Amino acid sequence: MKLTTALSLLAFGVSLLLLLPSCETPTTEEVVEEVTPTYELQIDSLLQAMTLEEKTALIHASSSFTSGGIERLGIPELTMSDGPHGVRHEHGRDWEKDENVADSSTYLPVGVTLAATWNRDLGYQFGEVLGQEANYRGKDIILGPGFNLIRSPLNGRNFEYLSEDPYLNAEMAVGYIKGVQDQGIAACAKHYIANTLEFEREKVNVEMSERVLRELYLPPFKASVQEGKVKTIMAAYNKFRDTYCAHSAYLLDTILRKEYGFEGLVVSDWMAVKDTKKAATVGLDIEMGTDLTMFGLEGGLDYDKFYLADTLITLVKAGEIDESYIDAKVRNILRLMFEIHKFDTRPAGSYNTAKHQSLARKVADEGIVLLKNEGVLPLAQDGMNKLAVVGANATRKHAGGGGSSQVKAYYETTPLEGLSNMLSEGVAIEYAPGYVVDRETKSDPTMIAEAVDLVANADAAVYFGGWIHGFSDAWDDNAYDAESVDKSDMYLPFGQDELIKALLAANPNTIIVLFGGGPTDMRAWQADAKGIIQAWYPGMEGGNALAAILFGEVNPSGKLPMSFPVKLEDSPAHALSELPTPDNMLIDHKEGVFVGYRYFDTYEVAPAFAFGHGLSYTTFEYSDLAVAKTKEGITVSLSLKNTGEQDGAEVVQVYVKDEEAALRRPEKELKEFQRVALKAGESAEVTFDLPTTALQYYDEQKGGWVLEPGAFTIMVGSSAADIRVQKSVDW
Ligand code: GLC
């Protein structure tokens with residue numbers, strides 16, 4: 001039933017005006033300014049008509065991916081779907097995959113690949129594709145972008161997230177959110193907050209100082225709310241300062257709603273609500289969840305047994321919880337429904353289009369990172385008769401793994417297929433897996449010998465290895481880069497180190513391509529490898545993108561969105577803090593603000609590859625840096641020239657150092673960046689306007705942001721470890 005019918009039933013002749021968004025009708029001579037419609041009058045009407053039971057139905061799950069509706073009033077359920085890099089397969093109302101339904105979709109590159117493009121426009125286009133496909137599939141909320149600062153290399157879900165740096169994280173999330181929401185549906189910034197490990201994620205308690213919270217973990221969420229206007233946020237599983245995120249008045253009310261002005265919906269992660277009264281009396285609007293027995297609770301899929309269901313009704317009727325708390329939740333839900341045109345028509349979505357697939361390809365082209373190249377890349381087809389391809393990831397598909405972000409890909413081009421698509425008939429491609437993807441295996445001498453023989457007798461050789469999401473797309477064998485599990489170390493599994501060493505011994509020009517969501521301990525062979533590429537999980541077009549980069553059809557331009565430590569012990573989350581254990585569920589952020597490059601550069605620990613690092617087949621020259629103080633902040637300008645023979649793109653990064661601070665600040669902090677495409681020999685002027693907020697730090701004693709007078713150094717470069725030009729300015 002349409003809302004109009006419901007309203008006219010309810011309101012008995014309420015004037016038509018009430019059906020319009022409540023804003024004055026401007027007269028012709030008045031300047032008609034863009035007025036954001038508000039729906040408060042309609043919301044009031046509906047709320048007044050609801051019973052307590054009906055209100056409660058709206059604020060908890062009604063199936064695996066819906067929250068309740070009210071048929072009598074023409075209020076439909078809200079429908080949600082994972083995930084951050086593609087619309088997940090259909091579950092229907094249960095948790096089993098629906099069979100024989102048209103639910104394959106565009107499998108975009110995973111979050112870290114998008115972040116590695118440092119391309120804000122691509123962030124928007126990524127979200128646009130996701131929004132069009134989610135809309136087409138009848139979803140009201142797509143449960144992405146996923147981001148939590150990448151703090152430990154072991155976190156199983158780093159692949160789904162964006163960066164170790166709050167500014168890069170924020171910039172890529174904002175574009176993504178706008179792209180999704182311009183399609184008329186809601187994005188969901190998750191997981192709020194500091195869900196930075198998967199180990200016992202429902203039990204761990206995260207402790208961090210207010211300065212760490214404000215300077216590092218909140219900024220991507222603040223930007224999502226205030227710049228991205230994100231319509232929903234997902235409360236994380238973990239505790240924060242000893243309170244579950246889904247119960248935290250500080251996180252959900254004080255910060256999110258009062259300080260940041262968030263007027264959207266907070267949904268819980270699935271089964272993240274643990275107490276009726278605590279969740280009812282804070283700004284948690286919808287309790288989402290799954291089969292209660294999966295969590296050792298009574299009730300199975302009886303959604304009335306959820307915390308914000310029958311129990312809540314009983315407590316309200318007993319006068320223990322004021323009904324106004326429920327009304328507030330219902331308001332947020334109805335407001336979202338109006339805003340996403342749940343009661344009228346949305347733009348038509350689209351699905352598995354060539355446009356979507358070419359965007360997936362563009363993100364892979366721009367997000368794959370060339371880590372090392374000592375004269376071996378790009379490969380040349382001319383004169384090549386035989387190409388040796390080794391490694392199980394040359395033929396493996398990754399879309400269906402990793403947990404809730406799994407995608408039933410419309411297709412997924414593997415590296416071997418990509419190479420076959422691109423290379424001419426004249427080039428014979430010979431393949432050997434080299435290792436077995438199996439929990440128990442270590443290296444296999446016979447497989448190594450076969451692979452070694454191949455690379456030793458070929459004109460060129462490429463190895464595709466690295467990590468995987470799990471051994472199949474079933475949940476019970478999630479491994480390495482996956483939800484609900486963390487890596488146990490940074491060493492490649494399946495005996496790959498031994499294999500890679502043998503390949504390099506047989507052919508030192510073998511190119512090493514690694515799949516994965518983060519860093520790898522490469523000490524066993526890194527010095528011997530002349531060419532190393534970080535492929536991440538590059539989506540359905542990844543095989544074609546890798547082939548194009550390997551043979552120079554695409555000039556790589558990706559930049560690391562996280563530092564790659566030499567070894568795990570170098571990572572600040574491990575050097576300055578410790579992992580939770582079964583006996584100690586505390587994640588204490590002892591490293592403070594020194595996460596990622598903020599640590600490596602301040603403590604002078606050299607990473608294997610620095611934050612912001614990524615090579616090109618051309619070279620870039622930075623010159624004529626000018627830095628000037630203005631009332632609003634600091635203007636930065638410089639000249640950038642492509643001094644090589646090939647067109648390319650450079651990500652110009654601007655870091656700031658506070659030379660005189662009352663407390664210890666990082667050696668540098670990213671405060672701006674710009675991706676600049678230049679033809680061979682072309683120059684461009686690149687300018688930035690740094691606001692004063694870029695110079696501030698959070699002072700816990702003052703309980704606010706501080707901009708101290710004194711000298712600041714503005715550093716501009718190609719990575720955190722490759723500063724090309726710098727100048728100081730006094731503030
Ligand atoms: C999962 C994930 C969350 C996902 C949700 C629904 O546990 O933590 O990211 O969106 O449940 O699948």
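This tour visits a strand and then a helix residue in a predicted model.

**First stop: strand β20**

Select residues 648-658, which form strand β20. Of its 11 residues, 11 are buried, so the strand is largely enclosed by the rest of the structure. In a regular strand, side chains alternate between the two faces of the sheet. Colour one side of β20 by choosing Gly648, Glu650, Val652, Val654, Val656 and Asp658. Then colour the other side, made up of Ala649, Val651, Gln653, Tyr655 and Lys657. Both faces are covered, and the residues on each are all buried.

**Second stop: the partners of β20**

Add residues 669-678, strand β21, to the view. This strand runs antiparallel to β20, and nine bridges join the two. To inspect one position, display Val656 together with Glu669, its bridge partner in β21.

Next, show strand β25, residues 711-719. Its pairing with β20 is also antiparallel and extends over six bridges. Here, select Lys657 and look opposite this residue for Thr713 of β25.

**Third stop: His356**

Move now to helix α13, residues 354-367, and select His356 within it. Is His356 buried or exposed? Its relative accessibility is 1%, and His356 therefore counts as buried.

Display the residues that His356 touches, leaving aside those up to four places away in sequence: Thr106, Val129, Gln132, Glu133, Ser350 and Tyr351. With Ser350, the side chain of His356 makes a polar contact of 3.3 Å.

Finally, select Pro76, which lies 280 residues from His356 along the chain. The C-alpha atoms of Pro76 and His356 are separated by 29 Å.

Methods. Residues are numbered from 1 along each chain as its sequence is written. This is a predicted model: local features need pLDDT of at least 70, side-chain atom pairs count only at pLDDT 80 or more; totals for chains, interfaces and linings use all residues. Side-chain values use heavy atoms; hydrogens and water are left out. Buried means under 20% relative accessible area, exposed over 50%, partly exposed in between (1.4 Å probe, protein chains only). Helices (H or I, at least four residues) and strands (E, at least two) are DSSP runs, numbered from the N terminus. Two strands pair if DSSP finds at least two bridges between them. Contact means heavy atoms within 4.5 Å. A polar contact is a pair of N or O atoms within 3.5 Å; within protein, one must be able to donate a hydrogen and the other to accept it, and residues adjacent in sequence count only if both atoms are side-chain atoms.
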